[in-house]
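Grab a pen and keep the viewer open. Below are a few exercises, each with a solution worked out step by step.

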Amino acid sequence: MSDVKKFLYVNRKAPYGTIYALESLEVVLIGAAFEQDVALAFLDDGVFQLTKSQETDGIGCKNFSPTFRALGDYDVTRLYVERESLEERGLTEDDLQEIMYEDEDDDWAEKPSICVISRAEMADVMAEQDVILSF
Amino acid sequence: MEYTVDGKTIPADEEGYITNLSDWSPELAQVIAESEEIEMDDERWEVVNFLREYYEEYQIAPAVRVLIKAIKKKMGPEKGNNKYMYELFPYGPAKQACKIAGLPKPTGCV
């Protein structure tokens, strides 16, 4: 298919309190089902979406963080996280859940989907896209 | 829509997906399957149970392409293919099997 476009979903908001994060993930899954080239970016409070050990019983919301681990099944294998956003919030890569995918072209080897990059590199990633959707 | 199991009423949406995931039971699955004109056998239970495990782990009902790929990985290519899965669930393996499994409609189905 020649009309595959590069989509980047930019996530800037905390996972709960607003509907943005969950809606973004739903749109990602739908977009991936249509076999587009999909990547995700997490910056500002959006980095909290990927933190491990989320516990939502107290706020009456569904904890959808396990769904990020299914993204590999949808061939969504690039989750860019901005290093400066992590640091500004006192987080490191160790605070994020492990998200792996299996590389079909490399004998199904398990590889990490999360890629922590600098703000400058994030700008380069954005410049490569055909479509950027911001949530 | 609603289903009746052992005299109990189980609410569902207009397409037949149950409203409260915790209402699910194997008996309810049989009732939903009957309303879909599907006879549950070991092969179909295998898919339904697989979907429930998938939901438990990832909190989503997978799209059909993802489901078939996942089945292929777990049970081999003789089951993880379109033909086999559509023979089991003629109206769409993800849609119908998810309904029977008591899960929401798969994300990406319109």
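**Warm-up: the end of a helix**

Helix 1 of chain A is followed by E35(A), which has a positive phi, near 55°. Keep in mind that this is a predicted model.

**Exercise 1. Work out how long helix 1 of chain A is and which of its residues are buried.**

Solution. Start with the length: helix 1 covers residues 20-33 of chain A, which makes 14 residues. Next, go from its first C-alpha to its last; the helix reaches 20 Å, close to the 20 Å expected at 1.5 Å a residue.

Now for burial. A residue counts as buried if 20 or more other C-beta atoms lie within 10 Å of its own. On helix 1 of chain A, the buried residues are A21(A), S24(A), L25(A), V28(A), L29(A), G31(A), A32(A) and A33(A).

Last step: look at what covers them. The cover includes strand 1 (6-11) and strand 2 (37-42) of chain A, along with helix 3 (64-75) of chain B.

**Exercise 2. Lay out the open sheet of chain A and find its edges.**

Solution. First, the order: five strands of chain A line up as 6-3-2-1-7, with parallel pairing. Then the edges: strand 6 (114-117) and strand 7 (131-134) of chain A each have a single partner strand, so one side of each has no neighbour in the sheet. From one strand to the next, the twist averages 25°.

Zoom in on one pair. Strand 1 and strand 2 of chain A run parallel to each other and share six bridges. Here K6(A) sits opposite D37(A) of strand 2 of chain A.

Finally, add the helices. Helix 1 of chain A lies across strand 1 and strand 2 of chain A, at about 165° to strand 1. Helix 3 (residues 119-127) of chain A lies across strands 1, 2, 3, 6 and 7 of chain A, and runs at about 140° to strand 3.

**Exercise 3. Is E82(A) buried or exposed?**

Solution. Locate the residue first: E82(A) is in strand 3 (residues 79-82) of chain A. Then count neighbours: 23 other C-beta atoms lie within 10 Å, so E82(A) is buried.

Who are its partners? Skipping neighbours within four places in sequence, E82(A) is in contact with F42(A), L43(A), I117(A), R119(A) and M122(A). Take L43(A) as a sample: it is 39 residues from E82(A) in sequence, but their C-alpha atoms are 5.4 Å apart.

**Exercise 4. Describe the make-up and compactness of each chain.**

Solution. Begin with chain A. There are three helices and seven strands, and from the N terminus on they run β-α-β-β-α-β-β-β-α-β. The radius of gyration of chain A is 14 Å, close to the 14 Å given by the globule rule for 135 residues, so chain A is as compact as a globular protein of that length. Buried residues come to 31% of those 135. Among chain A contacts between residues at least 6 apart in sequence, 77% join residues at least 24 apart.

Now repeat the steps for chain B. It has five helices and two strands, in the pattern β-β-α-α-α-α-α. Its radius of gyration is 13 Å, close to the globule rule's 13 Å for 110 residues, so chain B is as compact as a globular protein of that length. Of its 110 residues, 33% are buried. For contacts in chain B with a separation of 6 or more, 53% are between residues 24 or more positions apart.

Notes: Residues numbered from 1 in each chain as written. Chains lettered and ligands numbered in written order. Predicted model: local features only at pLDDT ≥ 70, side-chain atom pairs only at ≥ 80, totals over all residues. Helix = DSSP H or I, 4+ residues; strand = E, 2+ residues; numbered from the N terminus. Rg over C-alpha atoms; globule rule 2.2 N^0.38 Å. Buried ≥ 20, exposed ≤ 12 C-beta atoms within 10 Å, placed from the backbone. Contact = placed C-beta atoms within 7 Å. Expected span 1.5 Å × (residues − 1). Pairing = 2+ DSSP bridges. Axes fitted to C-alpha atoms, helices over the stretch in contact; angles between N-to-C directions.
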